[in-house]
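Visitor: Hello! I am new to protein structures and would like to learn how to read one. Could you show it to me and take me through some features?

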Amino acid sequence: MDKTITVTVDGKTVKASPDETILEVARRSDIYIPTLCYLKDVNDIGACRMCVVEVEGHEHLYTSCNTKVKDGMVIFTHSEKVKLSREFVLQLILANHDVRCLSCSKSGDCELQNLSKEFDLPIENPYRHKLVKLESVTANPFLSYYPELCIGCQRCVSTCNKVVGNGVLRSSKVGTRTFIDAPFGDDWKNTKCELCGNCAKVCPTGALVAKNMSKYRLSKVEKVLTTCPHCATGCQMYLMVKNNKVVDVRPADGPSNKGLLCVKGRFGSFNFIHSPERLKYPLIRNKETGKFEQATWDEALDLIATKFKAIKAQYGADALAGFACSRSPNEDCYMLQKMVRCAFGTNNVDNCARVCHSASVAGLAMTLGSGAMTNPIADITGSDVDVIMLVGSNPEEAHPVVGMQIRQAVSRGAHLIVVDPRDIGLSREADIHLKLKPGTNVAFANGMMHIFIEEGLVDEEFIKNRTEGFEELKEIVKDYTPEYVSKICHIDPDHLREAARMYATAGKAPIIYCLGVTEHSTGTEGVMSMSNMAMMVGKLGRPGCGVNPLRGQNNVQGACDMGAMPGDMPGYQKITNEEVMKKFEKSWGVKLSRKQGLHATDVFQAAIDKKVRGLFIFGEDPVVTDANQHHIVKALESLDFLVIDDLFFTESCQYADVVLPGTSYAEKEGTFSNTERRVQRVRKAVTLEGEMRLDTDIFTDLMNRMGYHQPYLTSAQIMDEIASLTPIFGGISHKRLDDGETLQWPCPTRDSKGTPILHVGKFSRGLGLFYPAKYQPSAELPDDEYPLILMTGRVLYHYNTRAMTGKTPGLMEKEGHSFIEVNTADAARLGIENGERIRVSSRRGTITSEARVSDKVSPGETWMPFHFPDGNANVLTNAALDKFARIPEYKVCAIRIEKLEQ
Amino acid sequence: MYKKHVLKNNQRNKLIISSLNTFEKRIHANPPGVCPIATHIAYLHTARSQTCGKCVPCAKGLEQLENMMQRILDGDADMNLYNDMVHLAKTIKCTADCAIGYEAAYMALCNIKNFNDEYMHHIEHHKCHSRIAIKVPCMYNCPANVNIPGYIALINEEKYADAVNLIREDNPFPTACAFVCEKPCESQCRRCLIDSQINIRGLKKFAVDQIAVDQVPIPKRNVDTGKRVAVIGGGPSGLTCAYFLSRMGHSVVVYEGKEKLGGMLRYGIPNYRLPKDRLDQDIDALLAVGGIEVKLNSMVGRDFTIEEIENEYDAVYVSIGAQKGKVTPIKNHDNPGVSSAMDMLDQVAHGNIPDFTGKHVVVIGGGNVAMDCSRTAVRCRAASVTVVVRRRQEDMTALPSEIQSAIEEGVELRTLFAPSEVKLDENGKVTALITQPQITGHYDERTGTPTVRDADKPPYEIPCDLIFMAIGQSIESEPFAKYGISSKMNFVTDNTTAIKEHPGVFAGGDCVTGPATAIMAIGTGKIAAINIDEYLGYHHEYHSNIEIPEAKQNMRSHFGRVQLTERSARERRINFEPVENGMSHEEAMQESGKCLRCDVFGSGKMEGGLV
């Protein structure tokens, strides 16, 4: 209904829509109305009554925040009656408010304080009287609640329930007074609170605050807008910098995070920057003693150049390899791959996407032509999405801010199908939970498609016009009856039928998936099965649909985009394309190798086989993160020369010859590409003491020392070079981003606004390909000796190796030790109690860990996070590799668990 | 010189009484979720104001009692203070001179006893229990938690189809409830603070009278889940459960022992209160959702066993109602002239209308069934109909409006008579009911109403030809014996409606609660459907989006409540046509315009402030 009405605000005639509130119309017309409890789209409960206005003809004052305008309304926002009412309200709020503002961490940033000043209230409060003092709640390491400062505005409660969707905050009563039941007391660890701190962001006073806030005054810090360095959601946030030190993080309103952060972003993204454990100068291992000794940059770089040149001379360029860092900016990744290709002279370059989403990159490139998330986060969690199908993804823990937005969508009425071997938080909210056996995704998808075809749910028009290969796939899925699939997947065939019907018949239905699909020896086929399903029912290339891998690391998308891959130049330009190679040779002024490089996971075997002898690792810790730890250690030990450029002396550094101190995201300029292909800025906030250098400068020095002439470039200049050579990045520059544009690649020209949804009208590869995948069992299945399946994954409170999150004590307090989830029946059979330390063994090694006994996993299955060194899951995991993407099978291996005393 | 003045304070006293009336209204409108300690402090404060100041325990003690209770309320007290407070209250109770003092102390002790968990919570945790939170009275008190402010607003905007569908989001019997709901929603209506409760049932009736509910398209059900659930008993609870299960995509088979669906709504409630054709509209509409198969004349125990059902289905909901009329074993009760009211109503509902011309009828019992039975007997042209009740009229469980209507139609009410014997003539024919007069006695602490006992009076005879007993119903439990039956002869479930130790078997409605209201049965049916869905391993979202009109500012001027009227008693007592008149459009707009929209104003807008 597009009806324009006219209202008069303070004598000014304003056109308005009947859907607008008085407050919205006033703000739009530059008329100021004070508010206190109001929070746009979240809290319009009209509690504080600061926003009242007078409406002609009405005695009662109206709350402007939640009263819609009516045609002909005559509104007075600052009449005497309104003014007196607001003063009265403020006096009442202040009557029992602890006004010792000097001891309050929000002083200077307090909305109540600002309003008190604005209204010029007398010091004496006529309503002040003695009330029973309430105890502060401060045991939580991150968040505190001071009831004496609480004005009962409900912003935090509404945020926790409606926005975060966790619902742990609620109002509570002390007789006739109302407060907030904040779970920050002594039992904070046992509450459902996820410690995201979004409540603290919205508190208008100092009642519910993050403890960090007491370390600084807002007016005395610099706010640096940047992108969160943890997962690939790409949350925008401010680093609060005081005296060259990051003292806090506050959420910023970005397109993917909408003002939200999770516990890792809010509390786990800055302590590590200033950690005393940071590497501060180059280290060279003394051959004699085996000990690392401090070196100058010249010594270190000269040594590396000499050694690498020697290996290259003796064994050829392909005896060298380099890994890019998926946590570092695009510009760093670009320069690393340039170093490997131009100075090392090989395509042996890769990044850690190899072990998380390489299957997505490879699979979706094969079937759709572009290996990335097809639709933006806001689009697939929007208010008009009918069904969300979540496969092998636990976004509440691994991509929490996406998880929050999924929870919002579900609470707005979207149906949810969860396909996951575990009971994850969202499976409780799901219409259907297909708790399938790990490693059976292809069978599941084929079963879905069998039902699509059998029940006439396919989109024939779409298949005819936009795809190829349907008939071949149809032939394969013919055998995948629900009953057959139910036996493979250990699911109820009815659940499968309903899921198929629900997904196929929905108007808008995205598939969102994650490592539960990719980290298998058949991961790429699992990914292609996702696109098969979406194409068969025509759910690609349109809003609210698509195939959406939630990428892992903050810039794993970017590391792939930048060509840190053995077969791809920047922007997925294939090394097999002669035209592309000529273009790069011309620009870089060097002859490039046409030989397909080694995948990171193949480099280790090649090292053992002495085919690779020199390795440069930038910001990775494969000893901890890669499958089958013993194998990785053996590989690193086999190398002639290993260089690691990192922030910390990691496990892998023990095997290095030279260790170089790099810089963190807070010390450099650059860009990250988030999971939805959105390129966002990373900005320098601090300069630290020590000899750490920009990583791009390290690569430049090394290139020059190895005989490739590379001038020093700023990050912005590097992006310009990327844009000049990479069509999908053609229109992207730091300047455009700094000017406030938000761009999702493909963004080919300076005029392009980017591409939010891929494959609209036409797939990147032309016709979408139905890949005929058959179900193959996992490489290692349980047997008598190792009777249980082990899956691995992440918990909310840590990121991968904990190199960053582990430096925040509160996170370690919440979750700091290795554990393994065991099914109740298995535990009972083995006499294992909840909380007991047990021995866990696979064919590759043995660790001990704490048993957590529940029904979260099915009988015969177990699950472990891989964050914790006191029982590292990757000692156990199997490096069985996918035939396309060479991704290891982290999600399935066979193990045995035993009581320790046996 | 002593002069006696005429009482001049009359006018002023009237004002005070009028002001106390508003006080009473505020108590009536006390919203659900108020801390009982806070409420009691208000009571104590009132008590203090009533003290004449003569005696120390009352004049000084009540003040101290209130102060101590206030400290407990504020979370500022320990067990010592609590013990001192109890001691003080006991002392006041024993030492105060008049009722103003000792009764206040006694009530304080009752409050401390009844809400001891709340007192302990304040002492241990320094705040109210988490259950203390103000709710929207109508929605909270409705067993099906229907969005009442929402549908009233829709009625006010003349969006009757939306109103019907909004009701159906929680209750698929909008018509039946429009006619016979006991309207717990009205009991604490906030409008009472201003004038009086909104006539919610009347408005619902207006809505379903504007558009027949079977003409309102039912929301689309979920895709088929492939799961099959059996519902035993096609009454309000069973059909509600079936409806929501079907909305979620499950296939439901309803087994009904009788020849038509509806349960007590059809076979218990007479046509003049709920016309059968209007009940059919609800049933037709809810079956239109699809996925529900109905097997009539199919009774567990007679046509198949419960084991067969359990084996065939993924889950079972037992909602067989409580249809067997109880009979008091007074002397000569096993006479053809004595039967249960339920049997009589059932016969009439089947169209077998007896002719009582010239017969004198006695109905025993004080509940709604007794009213239905007696008013039905009137319509069967009985020469006289007498309802015999053991207790006082104000203690009868029948709705006051039902009693009123019965009296209007010529039913005579004889209270405080306990039936003791059926008197027969030499042919074994009933000639009278012999009763023992009763005297009202002390209060029953559990029910809060006075008990009765035999009065020291001679037996009293009420001459009659027919006697109907309306003293309660029980369930036909035999085929379900393995589920266990409580001492009150009902099924026992946990609060999710699950029967213990029988996974997948759920029960609800009258067969669990004993004879109760339709809306109770409906509310339980919905809860059962949600829990059966969870039991089957789902969490189906079934709500559709109905746009609820924006709240207008409260209409604050005082307006009388629009009451529903009935047809003239002279006309209505001769047939079974519906007795109640609906609201006019004018009345409905006035009444619906008075709703205070507590879903938007006050707690309703707060997180968790609805139900």
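Guide: Gladly! Let us begin with a word we shall need: a contact means that heavy atoms lie within 4.5 Å of each other. Please keep in mind that this is a predicted model.

Visitor: Which elements cover the buried residues of α12(B)?

Guide: The cover over the buried residues of α12(B) includes α8 (137-141), α9 (148-156), α10, α11 (174-180), α15 (276-287) and α23 (585-593), which belong to chain B.

Visitor: How many of the residues of α12(B) are buried?

Guide: A residue counts as buried when its relative accessible area is under 20%. In α12(B) that holds for 9 of the 11 residues, so the helix is largely enclosed by the rest of the structure. Among the buried ones are Ile200(B), Leu203(B), Phe206(B) and Val208(B), and also Arg201(B), Lys204(B) and Lys205(B).

Visitor: Is there a general idea that helps me picture the sides of a helix?

Guide: Yes. An α-helix has 3.6 residues a turn, so residues three or four places apart point the same way.

Visitor: What caps the N-terminal end of α12(B)?

Guide: The cap is Asn199(B): one of its side-chain oxygens lies 2.8 Å from the backbone nitrogen of Gly202(B).

Visitor: Now, what about aromatic rings? How many aromatic pairs does the structure hold?

Guide: Over all chains there are 30 aromatic pairs. In one of them, Tyr334(A) meets Trp588(A) edge-to-face, with the centres 6.2 Å apart and 70° between the planes. This pair links distant parts of the chain: Tyr334(A) belongs to helix α8 (residues 330-344) of chain A and Trp588(A) to helix α21 (residues 578-588) of chain A, 254 residues apart. Tyr334(A) is buried, because its relative accessibility is 0%. Trp588(A) is buried as well, with a relative accessible area of 4%.

Visitor: And what is the geometry between Tyr160(B) and Phe206(B)?

Guide: Tyr160(B) and Phe206(B) also form an edge-to-face pair, at 5.6 Å centre to centre and 80° between the planes. Tyr160(B) lies in helix α10 (residues 160-168) of chain B and Phe206(B) in helix α12 (residues 200-210) of chain B, so the pair ties together parts 46 residues apart in sequence. Tyr160(B) counts as buried at 13% relative accessibility, and Phe206(B) counts as buried at 3%.

Visitor: Which residues form an aromatic cluster?

Guide: One aromatic cluster is made of Phe308(A), Phe344(A) and Phe641(A).

Visitor: A ring can also have a charge over its face, I have heard. Where does the charged end of Arg466(A) sit?

Guide: It is placed over the ring of Phe763(A), 4.5 Å from the ring centre. Elsewhere, Arg677(A) lies over the face of Trp745(A), at 5.8 Å from the ring centre.

Visitor: What else can I read from Arg677(A) and Trp745(A)?

Guide: Look at the backbone. Arg677(A) is not a glycine, but its phi is positive, near 70°. Arg677(A) sits in the loop between β28 (670-673) and β29 (678-682) of chain A, and it is buried, with a relative accessible area of 0%. As for Trp745(A), the peptide bond from it to Pro746(A) is cis, with omega near 0°. Pro746(A) is in the loop between β30 (743-744) and β31 (768-769) of chain A.

Visitor: What is the phi of Asn628(A)?

Guide: About 60°, a positive value although Asn628(A) is not a glycine. You will find Asn628(A) in the loop between α23 (622-625) and α24 (629-638) of chain A.

Visitor: Next, how many residues apart along the chain are Leu283(A) and Leu660(A)?

Guide: They are 377 residues apart along the chain, while their C-alpha atoms are separated by 6.5 Å. Leu283(A) is in strand β13 (residues 283-285) of chain A and is buried, with a relative accessible area of 11%. Setting aside residues up to four places away in sequence, Leu283(A) touches several others, including Phe292(A), Phe649(A) and Val659(A).

Visitor: To finish, how many helices and strands does chain B have?

Guide: Chain B has 23 helices and 16 strands. Its radius of gyration is 27 Å, which agrees with the value near 25 Å for a compact globule of 611 residues. Of those residues, 52% count as buried. Among the contacts in chain B with a separation of 6 or more, 72% come from residues 24 or more positions apart.

Note on methods:
Residues numbered from 1 in each chain as written. Chains lettered and ligands numbered in written order. Heavy atoms only, no water. Phe/Tyr/Trp six-rings, centres within 6.5 Å; stacked < 30°, edge-to-face > 60°. Helix = DSSP H or I, 4+ residues; strand = E, 2+ residues; numbered from the N terminus. Buried < 20%, exposed > 50% of the residue type's maximum accessible area, 1.4 Å probe, protein only. Lys NZ or Arg CZ within 6 Å of the ring centre and 35° of its normal. Polar contact = N/O pair within 3.5 Å; in protein donor to acceptor, adjacent residues only side chain to side chain. Rg over C-alpha atoms; globule rule 2.2 N^0.38 Å.
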